[in-house]
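Good morning, colleagues. Today I should like to discuss pockets. Please look at the sequence and structure as they appear.

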Amino acid sequence: PQCVFHKFGPSMSDSWLQFFNFFGLFWLLFFIEALGEMVLAGAFAGWYWTMDKNGDFENGGVFQSFKRTFRYHLGTLAFGSLILSFVRMLRLILEYVEDKLKEYGEDNPLVKCIACCCKCCLYCLEKFIRFLNRNAYIMTAVYGHSFCSGARRGFSLLAQSNVRALVLDKVTDFILFIGKIIVVGLVSAATFATFSTEVTSSLKINLNYH
């Protein structure tokens, strides 16, 4: 009898299981991100709509917002993160196909152009869905809508005042960017001061920064 080599590596079922593992990972990560966004939106809305700022915040605070989100809006978060997970998996599949084409030496310029256009379209689609999801979560945290109702109302509100929303969005992004730079700068300065004085002097270590 002759021994014939068939295959070495994971089977088809293992490949499908890895695919579902990636999908579940993306869904979980996007769900956690959406949970944080809605909790913060609920906390800010509770503080904003409370007339007596000096009294007790019955509907305000992060903990109260987390309780409302966990009790009433988990389905909204799951549905929004599910849509985003599908788009991310499409991007991942496109990256896999592109790697296989490079592996088999398919250097057709037309194929590269189509792949690049598809990657750009999926990237823009993911950004748009992220933007739509964030506004849907805000409307849900404020008014208690479902995902579709919150997304529709949030999008119509932004469409009515698109210039103001664009300016506020860019100003907010710039302020967050400045805050990140300040935090990174302070942590870097504190780390440099710590490691260049106490630790190095006690251990008699000369640091070479070049």
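What volume does the largest pocket have? The answer is about 1,200 Å³. I should add at once that this is a predicted model, so that value is computed from predicted coordinates.

Let us turn to the lining of the largest pocket. It comprises 25 residues. Those that lie nearest the centre of the pocket are Arg134, Asn135, Ile138, Leu158 and Thr172. Four helices each give two or more residues to this lining: H1, spanning 12-48, H4, spanning 109-143, H5, spanning 147-160, and H6, spanning 162-203. As to chemical class, 16 of the lining residues are nonpolar, while four are polar and five are charged.

I now come to the second largest pocket. Its volume is about 260 Å³. Which residues line the second largest pocket? They are Ser15, Gln18, Phe19, Phe22, Met89, Leu92, Ile93 and Tyr96. Helix H1 supplies at least two residues of this lining, and so does helix H3, which covers 74-103. Six of the lining residues are nonpolar and two are polar, with no charged residue in the lining of this second pocket.

Finally, a word on confidence. Across the protein chain the pLDDT averages 83, and 84% of the residues score at least 70. Where in the chain is confidence lowest, and where is it highest? The lowest mean, 80, belongs to H6, and the highest, 90, to H3. To connect this with the pockets, H6 is one of the helices that contribute to the lining of the largest pocket, whereas H3 contributes to that of the second largest.

Methods. Residues numbered from 1 in each chain as written. Predicted model: local features only at pLDDT ≥ 70, side-chain atom pairs only at ≥ 80, totals over all residues. Heavy atoms only, no water. 1 Å grid on protein atoms, 1.4 Å probe; cavity = no way out; pocket = protein on both sides within 12 Å on 5 of 7 lines; lining within 4 Å. Points joined across faces, edges and corners; volume = space filled by probe spheres on them. Nonpolar A, V, L, I, M, F, W, Y, C, P; charged D, E, K, R; others polar. pLDDT = per-residue confidence, 0-100.
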